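Visitor: I should like to understand how the terms applied to a structural model are justified. Please set each value against its definition.

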Amino acid sequence: MNATKDYILMDPTEQISQTLDLQQNDTHSQRTHPTVEEYYGNMTAFLSLAIFIASLLTILNICIFSTTVSRLRRHLNKPLLRPSIMMVGLYPIISVAALVTILVPYSWFICHTVMHVMFMVGGPVFRTLLFRYVSSEQNYVKETGGEAVQLNTPPCCCWCLCLPLVIPTKAKLCISRYMVWQMPFWQGSIMLVMNILYYKDIQLYRQVMYFFIPFIVCSIVLGVWSLQITVRAITKLRGDYQLRKKMFCLQLVVMLCKLQYLILYDQLDGIKMGGEYPINHTIYKQTIINILILVEMVLVSMMVQSAYRTPIQVQVDEVNKEREITRI
């Protein structure tokens, strides 16, 4: 009652300023990520160093990508060139997304979505590349001569042991194609809805976000399972193409940018970092995670460069030898 009387007796300008302060504090309590002005107006030495290191790591990743692309353009024919460049281009894009997250923390959910999209896009592109290694799906069926394919592959190797061997046909390859291509459409729709909810109504997003997780997990499992079956089948024909290594590099996108992100996000809560809003614990936590992702993307890019080198280089060397023999 006394507080109410004091508020009534207060000068109108003081009432307005107090109301605005309460509204501002309520807004800050709902938000964990500052605006650009708040972020750079309260910059710390740790964040400045993080931005510098993140920029260097991103430039290094782009340099590795440029070297890999120049090598692919020298050693690949046209049907294989475009999907191969798209596959090696996933990792510098992820690095740029991690850098933008550090530069503009409020955009973290969009950048996290970009990292997720790289796997959704990489799955169908990688499947296309796999069958271009054997010319086409029809040519694969001809080369195998009706040889059966195993279905007990990761991540479904435990519960699908009872499934029989499958002879690849046009209809069954079509089902495999749909299992991979559902990822960009299904997960893309979910991530679009989650982005709209996050930036329009953060409270509603926090209430419904867990309902989307089972659908995303099921979509990823189906896509990875189909890709693993395809990789094992084509490896029997193109064993020197390092297909499993390429598949592992693609899976690292989910493991590092999604699974690792969620694990570290909870684990780092036990360490006190940062202060009050705007440079709070969440900003420090996400900065550390994204720096780690940038370091890992450099290492993965080097692995990708090795994975996409060997089989094509051998083919080009053989063509060059034939040309030299014809000239002589």
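**Values and definitions**

Guide: Lys236 has a relative accessibility of 55% and therefore counts as exposed. The term exposed is used over 50% relative accessible area, buried under 20%, and partly exposed in between, with a 1.4 Å probe and protein chains only. This is a predicted model, in which local features need pLDDT of at least 70 and side-chain atom pairs count only at pLDDT 80 or more, while totals for chains, interfaces and linings use all residues. Residues are numbered from 1 along each chain as its sequence is written, and side-chain values use heavy atoms, with hydrogens and water left out.

Visitor: What makes the pairing of Glu147 with Lys236 a salt bridge?

Guide: The rule asks for a side-chain nitrogen of Lys or Arg within 4 Å of a carboxyl oxygen of Asp or Glu. In the pair Glu147 and Lys236, the closest N and O atoms are 3.7 Å apart, so the rule is met. The two residues are 89 apart along the chain: Glu147 sits in the loop between helix 8 and helix 9, and Lys236 in the loop between helix 10 and helix 11 (243-267). Helices here are DSSP runs (H or I, at least four residues), numbered from the N terminus.

Visitor: Why is Glu147 called partly exposed?

Guide: Glu147 has a relative accessible area of 40%, and this value falls between the two limits, so the middle term applies.

Visitor: How many salt bridges does the rule give, and which residues are joined into one network?

Guide: The count comes to five. Arg127, Glu137 and Arg177 are joined into one network by salt bridges that share partners. Glu137 meets Arg127 at 2.9 Å, N to O; Glu137 belongs to helix 8 (residues 137-144) and Arg127 to helix 7 (residues 108-132), 10 residues apart. Arg177 also meets Glu137, at 2.9 Å, N to O; Arg177 lies in helix 9 (residues 170-200), 40 residues from Glu137. In general, side chains of opposite charge can pair when their charged atoms come close.

Visitor: Which members of this network are buried, and which are partly exposed?

Guide: Glu137, at 13%, is buried, and Arg127, at 4%, is buried as well. Arg177, at 26%, is partly exposed.

Visitor: How do you know that Ile234 is buried?

Guide: Ile234 has 0% relative accessibility and therefore counts as buried. Ile234 is found in helix 10 (residues 202-235). Leaving aside neighbours within four places in sequence, Ile234 is in contact (heavy atoms within 4.5 Å) with Leu130, Phe131, Val134, Tyr140 and Leu243.

Visitor: What makes a space a pocket, and what lines the largest pocket?

Guide: On a 1 Å grid over the protein atoms alone, probed at 1.4 Å, a pocket is an open set of points with protein on both sides within 12 Å along at least five of seven lines; lining residues have an atom within 4 Å of a point. The largest pocket is lined by 31 residues, of which His112, Ile213, Lys258, Leu259 and Leu262 lie nearest its centre. Helix 10 gives the most to this lining, with 12 residues.
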